[in-house]
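Take a walk through this fold with the coordinates open. The route goes from the sheet to the aromatic rings and ends at two loop residues.

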Amino acid sequence: MIESETILDTDKLYRRFREDDFKEGQLKSSAFSDTTEKQPSVHLERLANFNSINELYRDKIVSYGVLLMSVLRKNEFDAEHKPLDSDISHSVILTLTKEGFTRGARKKLKKLVSQIIDVDT
């Protein structure tokens, strides 16, 4: 079992984006909808091996969005490190509102993306 890390205010989280997460060059709020969990999955940057992540999701990822933990916490979000055997950097974003991940929460997350980095192909 992989130990869970505490996510610090200074940490960066990376969200994988696919081509259909964008419309006319703009990120859609649906880019934060996860079908397997209500909590959007992200990668804890200090533990991430992006070469292996890119290989794992080959032909599906076009870019990563950068989220700053300190900014998320100031905007009623948090994150929890939930490592997987295939990805020790796997984490999830939590919402601190009782409504959970509504469309409004996903729109807010979209606005909190500080940078989008294209995946080298």
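What follows starts with the strands and works outward. The model is predicted.

Begin with the sheet. Six strands build an open sheet, and their order is S6-S7-S4-S1-S5-S8. The pairing is antiparallel. Two strands sit at the edges: S6 and S8, the latter spanning 115–118. Each of these pairs on one side only. Neighbouring strands are turned against each other by 40° on average, direction ignored.

A helix lies against this sheet. Helix H3, residues 103–112, packs on it and touches strand S5 (63–68), S6 and S7. The direction of H3 makes about 80° with that of S6.

Now look at the edge strand S6 itself. Strand S6 covers residues 77–81. In a regular strand the side chains alternate between the two faces of the sheet. Strand S6 shows a covered face with Phe77, Ala79 and His81. Its uncovered face holds Asp78 and Glu80. S6 is joined by five bridges to strand S7, residues 90–95, and the two run antiparallel. Across from Asp78, in S7, stands Leu94.

Further into the strand order, turn to S1 and S4. Strand S1 (residues 12–17) and strand S4 (residues 41–44) run antiparallel, joined by two bridges. Tyr14 has its bridge partner in S4, namely His43.

Tyr14 also leads to the rings. A pair of aromatic rings is described by the distance of the centres and the angle of the planes. The structure holds six aromatic pairs. One of them joins Tyr14 and Phe50, 5.0 Å centre to centre with 55° between the planes. That geometry counts as tilted. The two rings come from distant parts of the chain: Tyr14 belongs to strand S1, Phe50 to helix H1 (residues 50–56), and 36 residues separate them. Are the two partners buried or exposed? Tyr14 has a relative accessible area of 10%, so it is buried. Phe50 reaches 23%, so it is partly exposed.

A second pair is Phe17 with Phe32. Here the centres are 5.8 Å apart and the planes make 85°, an edge-to-face arrangement. Phe17 lies in strand S1, while Phe32 lies in the loop between strand S3 (26–27) and S4. The pair therefore ties together parts that are 15 residues apart in sequence. Both Phe17 and Phe32 are buried. Back at Tyr14, ring pairs link Tyr14, Phe50 and Tyr64 into a cluster.

Two loop residues finish the walk. Glu76 sits in the loop between helix H2 (69–74) and S6. Its relative accessibility is 43%, so Glu76 counts as partly exposed. Which residues does Glu76 contact, leaving aside neighbours within four places in sequence? They are Leu94, Thr95, Leu96, Thr97 and Lys108. Leu94 has already appeared, opposite Asp78 in S7. Val42 is 34 residues from Glu76 in sequence, and the C-alpha to C-alpha distance is 17 Å.

Asp21 is the other loop residue. Its place is between S1 and strand S2 (22–23). Asp21 has a relative accessible area of 4%; buried means under 20%, so Asp21 is buried. Beyond its neighbours within four places in sequence, Asp21 is in contact with Arg16, Gln26, Leu27, Lys28, Ser30 and Ala31.

How values were computed
Residues are numbered from 1 along each chain as its sequence is written. This is a predicted model: local features need pLDDT of at least 70, side-chain atom pairs count only at pLDDT 80 or more; totals for chains, interfaces and linings use all residues. Side-chain values use heavy atoms; hydrogens and water are left out. Buried means under 20% relative accessible area, exposed over 50%, partly exposed in between (1.4 Å probe, protein chains only). Helices (H or I, at least four residues) and strands (E, at least two) are DSSP runs, numbered from the N terminus. Two strands pair if DSSP finds at least two bridges between them. Axes are lines fitted to C-alpha atoms, for helices over the stretch in contact, and angles run from 0 to 180 degrees between N-to-C directions. Contact means heavy atoms within 4.5 Å. Rings of Phe, Tyr and Trp (its six-membered ring) pair if their centres lie within 6.5 Å; planes under 30 degrees apart count as stacked, over 60 as edge-to-face and the rest as tilted.
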